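Me: I have a structure to look through and I'm new to it. Can you walk me through the basics?
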Amino acid sequence: MPGAPLSVAGVLVYWWATGEPGTVLLVVLVLIGVLTWVVDFVGGAVAARVGGASNLTAVVAGLVGLVLFFVTGPLGIILGVTATVFAVEFYRQQDARKGLKAALVTTAGMLASGVVQALLTGSILVAMVGVALL
């Protein structure tokens, strides 16, 4: 599930129903949600580029990840994207080491992106629990 949009929706529904949190905290929480959403979309692509993958590889891997989202689940997405990056880069460069490097850096970036998303979304949850209890 897309954690950031659901978190922002929850914050906005709670604000609409109760008038809380205040304007400043509401804006901060929505901005954190937008940042989380951006990290979700660009994290893997940035990691792929850092690892030496081409724009084509990043696009193909993104499409594979999108399809696998509906078919497999998180582990399938990670394995599928990793295999896709390796295969496309190996085909493109005819170098297994470069393909492996791009695949491993992409995988590490995807996992790091997931950790950042969890921390940011968790901060929204903690803030809203604090709002609800105080």
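Me: How many helices and strands does the protein have?
Reply: The protein has 5 helices and 0 strands. Both are DSSP runs numbered from the N terminus, with H or I over at least four residues for helices and E over at least two for strands. This is a predicted model, where local features need pLDDT of at least 70, side-chain atom pairs count only at pLDDT 80 or more, and totals for chains, interfaces and linings use all residues. Residues are numbered from 1 along each chain as its sequence is written, and side-chain values use heavy atoms, with hydrogens and water left out.
Me: Is it spread out or a compact globule?
Reply: More spread out than a compact globule, because the radius of gyration is 18 Å, well over the 14 Å from the globule rule for 134 residues. That radius is taken over C-alpha atoms, and the rule is 2.2 Å times the number of residues to the power 0.38.
Me: What box do the C-alpha atoms fill?
Reply: Roughly 60 × 25 × 20 Å, along the principal axes.
Me: New topic. At what angle do helix 1 and helix 2 pack?
Reply: About 165°, with the axes 8 Å apart; helix 1 covers residues 3–18 and helix 2 residues 23–50. Axes are lines fitted to C-alpha atoms over the stretch in contact, and angles run from 0 to 180 degrees between N-to-C directions.
Me: And which residues of helix 1 meet helix 2?
Reply: Ala4, Pro5, Val8, Val11, Leu12 and Trp15. Their partners in helix 2 are Leu26, Leu29, Val30, Gly33, Thr36 and Trp37. Contact means heavy atoms within 4.5 Å.
Me: How much of the protein is buried?
Reply: 32% of the 134 residues, with buried meaning under 20% relative accessible area (1.4 Å probe, protein chains only).

Key: Buried means under 20% relative accessible area, exposed over 50%, partly exposed in between (1.4 Å probe, protein chains only).
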